[in-house]
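Biologist: I would like to learn how to read the sheets and the ligand site of a model like this one. Could you take me through it slowly?

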Amino acid sequence: MAKYVIVGGGLAAASAIEGIRDLDKDGEITVVSAERELPYHRPPLSKGYLAGREQLETVRIHDALWYRDNRVRYRLGVEARSVHMKRRSVTLTSGERLEYDRLLLATGSHARRLGVPGADTPGVTLLRTVAESTALKAAIKPGTKVVVVGGSFIGMEVAATARGLGAEVTVLEMGPLVYGRFADPSLSDFFKRMLESHGIRIRTGARVARVKSSAGRASGVATDTEEFPADLVVAGVGAEPNTGWLANSGFGIDRGGLIVNVRLETNAEQVWAAGDVARFPDPITRQPRRLEHWDNALMQGKQAGRNMAGAGEAYAHQSAFFSDLFDVTINVLGDTDKPDAVDIKGSSDLAAPNFTAHYVRDHKLAGAVMVNLMTANRTEEFDQLQKSIASGEFVETG
Ligand SMILES: Cc1cc2nc3c(=O)[nH]c(=O)nc-3n(C[C@H](O)[C@H](O)[C@H](O)COP(=O)(O)OP(=O)(O)OC[C@H]3O[C@@H](n4cnc5c(N)ncnc54)[C@H](O)[C@@H]3O)c2cc1C
C-alpha cells in the first residue's frame, strides 16, 4: 500500500486527494498543513466572506466527514521544515519525521509584507487566511477609513468590498496605472472610473513611504507628497511562493517557484508540486510559468494526485482567472503579458459594461480579458477564445 504525504493544506492539496482517490482507493494519505483550518477557498476572503455573505462552512472545500470517508490523516497546525530526498522523508518543525513513497509539495504562497517603516503596527493587515479576513470583517464598519495599498486584484477587491460595507476607501497604487498587469491604459482607466463611481478614492503614482501611528495603532499612510488618514491599512502588494523551507533540500527552484515538468514532477524522484508554488511548462506557450490562480490550483492539484497514483499524464489544462468588483465580473484567459496590441470590442460604458479586450502578440491571440461575461451570456465566446488562444489564431494588427 503506497504512502502518500501532501505538504500544504490549500486547494491544490484538497484536489490532489481527489486525484489520488480517483485511482487508488487504499493508499495511506497524510496531509501536513501549517494552517489550523481544513482547506478552504481563498477567493471569497476578499469578496463574499469578507462582505458577510458567506460563512466558513460554505467556503470550505470539503467538510470533515469527506476527509474521514476518504481515509485522510490530517495534521493541522503542523509545519514541514525540510525534505530528505534520499531517505524519502519530510521533517516537521516538531522534529518528527514522516516517511513517504510519494510526496506532493503544495505549500502555496504568502502575502508580501509592506516593506516600509510602521508596516508592523496594529491596524495594518495582509490578506491570505480566513483568520485575517475574519479580523478585517470585524474591523470594517460604516465610516471606517480604509487605506488599501496596491491597485491590483486583491487590493481592488478589498476596496470594493469595504466600500460595499460603508467604509471610506482610498487605494494607493505606486505605478502609473491600476491593474498594471493588464498592460493597457484604457482597460486600467475603465476599472479606475468604475471604482471611483462607487465613491472609492484612487491615487496612482503614490509610493507609500511609511505608516503613521497614534496610541500604538495605524492612523494614516504617508507617501512622499501626501498623507491619508486611516483606521485600517490593507496591504495587497503581491504574494511569494512558500519555498524558503526547501532552500537546502536540493530542489530545482526558479524565481521562488518549484520547477516541475509536464507531469508536474520535481527533480526529485516521487515528488510532485502543484498550485501557486509550482513553476510548470504552460501547455499552450510551452514557457515556464507560475500562476497564483484558483483554477490553476484546482486543476494542477487534481492532476498531480492522479500522477502520484500512477497516471503519468501531462498537465494540459488551459488556465483562466476570475475576479469580481461590485456587480462586475472579470475573466482573464491566456497570457496578457507584454502584448503588441490590445483591441477592446464591446461597450465599456459604466452603466452596462460588456466587452472583451483581445491581447495580440506576434500576430497571435495570446490572451483576453472579458468583462461581464455571465450577465451578457457570453460563455460561448469564452470557449471560442480559449480555442483561438490554444491554436494561436492569426490576428491582423494595424
Ligand atoms: C484574498 C484572496 C483572494 C483571491 N481571489 C482569487 C480570485 O478571485 N480568483 C483566482 O483565480 N484566484 C484568487 N486567489 C488565489 C487563489 O486563492 C490561490 O491561487 C490558491 O489558493 C492557491 O492554492 P494552493 O493550494 O496552491 O496554495 P494555498 O492556498 O496558499 O495553500 C497552501 C497551504 O500550505 C500551507 N503551508 C505553507 N508552507 C507550509 C509548510 N512548510 N508546511 C505545512 N504547510 C505549509 C499554507 O499555510 C497553506 O495552508 C485569491 C487569493 C487570496 C489570498
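The dialogue below goes through the sheets, the hairpins and the surroundings of the ligand.

Modeller: Please keep in mind from the start that this is a predicted model.

Biologist: Let us begin with the sheet that includes strand 23; in what order do its strands lie, and how are they paired?

Modeller: To read a sheet, one follows the strands from one side to the other. Here 5 strands form an open sheet in the order 23-24-27-26-25, and the pairing is antiparallel. The edge strands, strand 23 (320–325) and strand 25 (341–347), each pair on one side only. On average, and with direction ignored, neighbouring strands of this sheet are turned by 15° against each other.

Biologist: Which helix packs on this sheet, and which strands does that helix touch?

Modeller: Helix 6, residues 153–164, packs on the sheet and touches strand 23 and strand 24, while its direction makes about 25° with that of strand 23.

Biologist: How many bridges pair strand 24 with strand 27?

Modeller: Strand 24 (residues 328–334) is paired with strand 27 (residues 364–371) over 5 bridges, in the antiparallel sense. Within that pair, V332 has V369 of strand 27 opposite. As you look along a strand, remember that in a regular strand the side chains alternate between the two faces of the sheet.

Biologist: And how should I read the sheet that contains strand 16; is its pairing parallel or antiparallel?

Modeller: That open sheet has 5 strands in the order 9-16-10-11-12, and its pairing is parallel. Its edge strands are strand 9 (124–125) and strand 12 (201–204), each of which pairs on one side only. Strand 10 (residues 145–149) and strand 16 (residues 232–235) are joined in the parallel sense over 4 bridges, and V148 stands opposite V234 of strand 16.

Biologist: What should I look for in a hairpin?

Modeller: Look at the two strands and at the residues that link them. Strand 13 (residues 208–214) and strand 14 (residues 217–223) run antiparallel and are joined by 6 bridges, with R217 as the bridge partner of S214. This hairpin has 2 residues between the strands, and A215 takes a positive phi near 50°. In another hairpin, strand 25 is joined to strand 26 through 6 residues. These two strands run antiparallel with 7 bridges, strand 26 covering residues 354–361, and A341 stands opposite V360.

Biologist: Finally, how many residues surround the ligand, and which are the closest?

Modeller: One reads such a site from its shell of residues inward to individual atoms. The ligand is surrounded by 35 residues, of which the closest are E35, R42, K47, R128 and D276. The shell divides into 16 nonpolar, 11 polar and 8 charged residues.

Biologist: What lies close to the oxygen atoms of the ligand?

Modeller: A polar side-chain atom of E35 is 2.6 Å from an oxygen atom of the ligand. A backbone N or O atom of H293 lies 3.1 Å from a ligand oxygen atom, and a polar backbone atom of E292 is 3.5 Å from a ligand oxygen atom. The ligand taken alone exposes 1,000 Å², and the protein buries 95% of that. Among the elements that give two or more residues to the shell are helix 1 (11–23), helix 6 and strand 23.

How values were computed. Residues numbered from 1 in each chain as written. Predicted model: local features only at pLDDT ≥ 70, side-chain atom pairs only at ≥ 80, totals over all residues. Heavy atoms only, no water. Pairing = 2+ DSSP bridges. Axes fitted to C-alpha atoms, helices over the stretch in contact; angles between N-to-C directions. Contact = heavy atoms within 4.5 Å. Near = heavy atom within 4 Å. Polar contact = N/O pair within 3.5 Å; in protein donor to acceptor, adjacent residues only side chain to side chain. Areas by Shrake-Rupley, 256 points an atom, 1.4 Å probe, with all protein chains shown as cover. Nonpolar A, V, L, I, M, F, W, Y, C, P; charged D, E, K, R; others polar.
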